[in-house]
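Here is a short tour of a protein model for your next coffee break. Have the 3D view open as you read along.

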Amino acid sequence: MRITELFTKSLYSLKAISFFRFQKIEKTISYLFILSFLVSLPTLFLFFLSFFNKGLAGFDEMFQLPGDPQGETIDGPTAGIIPVFIFLAILFIILGVSMIQFITVSLLAAIGLLLKKAFGRRLDYKHLWNMSAYAVTLPSVLIGLSVLLPFSLPLPGAIYFTLSFMILVLSIRNVPIPKVRK
């Protein structure tokens, strides 16, 4: 199944998330990195917007010649440092979001080990990790898009984890109960 299909189905289908437990771990890991990039796009957009509106003036002030009242700047370092700064900022934003995604998925899978016993399902940690990875899709998209709202969400981390947990619980309940052999 393509990553776009995985993405769209994990936004709305709990039954699909329960079937995604059979995906290869490599595909799930690449899915999480792509999801992290997609979720980072609104933040990166606002970063670039604010950087190019206000940031360039601040960069020029940083590289002003000392004791120069006319405000002449050194063109060499300013011109060379801006692309490096932008690249590093993009890298840190995407890696930070990826780190949060992977930690959340691992914690949810660990909690899922307790839930599988409560629901009487036969699931391994790998299955729960895959299901958790797809369960964080909708909360990630919602929290990622919330940066574009004119107000900030209170406790976005708690909202993110709670929604992910609820989706995982409902997905575990959609896993068929193993039949008892006689």
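The report below covers a surface patch, a helix pair and one loop residue.

This is a predicted model, in which local features need pLDDT of at least 70, side-chain atom pairs count only at pLDDT 80 or more, and totals for chains, interfaces and linings use all residues. Residues are numbered from 1 along each chain as its sequence is written, and side-chain values use heavy atoms, with hydrogens and water left out.

Let's start at the surface. Ile 29, Phe 33, Val 84, Phe 87, Leu 88, Leu 91, Phe 92 and Leu 95 form a nonpolar patch there, with about 730 Å² of accessible area together (Shrake-Rupley method, 1.4 Å probe). Patch residues have over 30% relative accessible area and no salt bridge, and nonpolar side chains are joined within 5 Å; a salt bridge would put a side-chain nitrogen of Lys or Arg within 4 Å of a carboxyl oxygen of Asp or Glu. Helix α4 gives the largest share, six residues, while Ile 29 is found in helix α3. Helices are DSSP runs (H or I, at least four residues).

Next comes the helix pair. Helices α5 (residues 125-135) and α6 (residues 137-146) pack at about 30 degrees, with axes 5 Å apart. That makes them roughly parallel (angles under 35 degrees).

Finally, Leu 155 sits in the loop between α6 and α7. Leu 155 has a positive phi of about 50 degrees although it is not a glycine.

| Residue | Relative accessibility | Class |
|---|---|---|
| Ile 29 | 32% | partly exposed |
| Leu 155 | 63% | exposed |

Here, buried means under 20% relative accessible area, exposed over 50%, and partly exposed in between.

Note on methods. Patch = residues over 30% accessible without salt bridge, like charges linked within 9 Å, V, L, I, M, F, W, Y side chains within 5 Å. Helix = DSSP H or I, 4+ residues; strand = E, 2+ residues; numbered from the N terminus. Buried < 20%, exposed > 50% of the residue type's maximum accessible area, 1.4 Å probe, protein only. Axes fitted to C-alpha atoms, helices over the stretch in contact; angles between N-to-C directions. Parallel < 35°, antiparallel > 145°, perpendicular 65-115°, else oblique.
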